[in-house]
Protein chains: 2
Amino acid sequence: MIQINYRDPRPIYEQLRDGFRQLILTGVLEPNAKMPSVRELAASLAINPNTIQRAYRELEAEGCICSVPGRGSFVCKTDAAVLARRTELTAQLQQAVGELRTLGLTDEEIIALMKEGNDHD
Amino acid sequence: MIQINYRDPRPIYEQLRDGFRQLILTGVLEPNAKMPSVRELAASLAINPNTIQRAYRELEAEGCICSVPGRGSFVCKTDAAVLARRTELTAQLQQAVGELRTLGLTDEEIIALMKEGNDHD
DNA sequence: TTAACTGTATTAGTTGGTTTAGTACAGTTA
DNA sequence: TAACTGTACTAAACCAACTAATACAGTTAA
């Protein structure tokens with residue numbers, strides 16, 4: 001369902017949080033689907049339950065999941081979560097574009113880069 | 001010349017490296033210009049010389065500066081350095097674009113985001 | 001009710017990367 | 001010679017990330 005990469009310098013909880021966010025916001029994990037339990041996922045990934053808990057806590061703060069003590073954690077895709085992610089990606093996009101411009105690239109060249117090497121409709 | 005931000009979670013040596021790279025690749029610091037000496041910059045920023053050295057070492061590995069024992073470090077903008085940065089930014093751009101697409105945005109909408117809120121010729 | 005699950009909280013300890021500190025060596029310049 | 005330069009090395013301090021162990025409370029089903 002989700003994998004962690006120990007060569008990735010990012011902390012495990014970030015990899016989990018970002019990986020699940022991707023699955024949820026893109027609809028791979030559908031709303032109301034049950035997330036793996038903290039202990040279950042910790043056992044299957046051979047990491048500490050606290051690390052899972054931290055990722056889940058942040059996903060809940062973002063509006064991606066809802067956790068209910070005793071019952072479990074469930075996908076709960078929120079408009080706010082989608083918008084927040086879109087805003088974040090827009091900032092990243094604009095920063096990369098800004099620096100590419102300072103390197104002398106024109107908007108046409110940047111748009112070409114953007115379309116190359118990607119599947120696009 | 002360069003500033004460090006203690007609220008920035010990134011390590012100091014990365015802030016220095018990225019800040020100088022920006023100044024060099026954009027031409028603010030011209031080729032053959034003398035970089036501040038390791039000890040001088042360490043004193044003026046009130047940080048350890050080893051931290052400066054680490055940033056300089058990486059900038060030299062990237063081809064942004066050339067260090068000469070006894071003489072100092074000098075701006076040495078290389079085609080390879082420009083290309084490497086361009087490749088890096090392209091990857092960032094394409095990743096942001098890819099995820100924005102999975103959120104349902106069309107290329108036209110993404111291009112609009114890219115142009116909005118930026119100075120562009 | 002009991003047992004087994006669930007999320008949550010807390011405290012303490014380990015680990016690894018960053019940074020500091022001190023020292024040393026060698027090349028350059030005036 | 002004296003003062004600068006980059007470079008190298010070791011040791012220690014520091015801090016965030018992560019682990020570990022334990023505990024508490026709510027839910028679910030036999």
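## Two protein chains and two DNA strands

The surface near DNA strand C draws at least two residues from each of α2 (38-45), α3 (49-62), β1 (65-68) and β2 (72-75) of chain A, and from each of α1 (12-25) and α3 (49-62) of chain B. Here a residue is near a strand if one of its heavy atoms lies within 4 Å of it. Helices (H or I, at least four residues) and strands (E, at least two) are DSSP runs, numbered from the N terminus.

This is a predicted model, in which local features need pLDDT of at least 70 and side-chain atom pairs count only at pLDDT 80 or more, while totals for chains, interfaces and linings use all residues. Residues are numbered from 1 along each chain as its sequence is written, chains are lettered from A and ligands numbered from 1 in the order in which they are written, and side-chain values use heavy atoms, with hydrogens and water left out.

**Confidence and domains.** The predictor's confidence in each residue is given as pLDDT, from 0 to 100. Chain A has a mean pLDDT of 93, and 96% of its residues reach 70 or more. Among the elements of this chain, the lowest mean, 94, belongs to α2(A) and the highest, 97, to β2(A). Chain A is divided into domain 1 (12-77) and domain 2 (80-119), with bounds from an automatic or database domain assignment. The C-alpha centres of these two domains of chain A lie 29 Å apart.

**DNA strand C.** Around this strand are 25 residues, of which A:R39, B:I12, B:N50, B:T51 and B:R71 come nearest. By class, the surface near DNA strand C has eight nonpolar, eleven polar and six charged residues. Ala, Val, Leu, Ile, Met, Phe, Trp, Tyr, Cys and Pro count as nonpolar, Asp, Glu, Lys and Arg as charged, and the others, Gly among them, as polar. Of the atoms of DNA strand C within 4 Å of the protein, 61% belong to sugar or phosphate and the rest to bases.

**DNA strand D.** The surface near DNA strand D takes at least two residues from each of α1 (12-25) and α3 of chain A, and from each of α2 (38-45), α3, β1 (65-68) and β2 (72-75) of chain B. Of the 24 residues around DNA strand D, those that come nearest are A:P11, A:I12, A:Y13, A:T51 and A:R71. This surface has seven nonpolar, eleven polar and six charged residues.

The table gives polar contacts, each a pair of N or O atoms within 3.5 Å; within protein, one must be able to donate a hydrogen and the other to accept it, and residues adjacent in sequence count only if both atoms are side-chain atoms.

| Protein N or O atom | DNA atom | Distance |
|---|---|---|
| A:S37 side chain | strand C phosphate oxygen | 3.0 Å |
| B:I12 backbone | strand C phosphate oxygen | 2.2 Å |
| B:R71 side chain | strand C phosphate oxygen | 2.7 Å |
| A:R39 side chain | strand D base nitrogen | 3.5 Å |
| A:T51 side chain | strand D phosphate oxygen | 2.5 Å |
| B:V38 backbone | strand D phosphate oxygen | 3.0 Å |

**Cysteines and loops.** Zero disulfides (pairs of cysteine sulfur atoms within 2.5 Å) are found over all chains. For A:C64, the nearest cysteine sulfur, that of A:C76, is 8.6 Å away. A:C64 is buried at 0% relative accessible area; buried means under 20%, exposed over 50%, and partly exposed in between (1.4 Å probe, protein chains only). A:A46, in the loop between α2 and α3 of chain A, has a positive phi near 60 degrees and is exposed at 64% relative accessible area.
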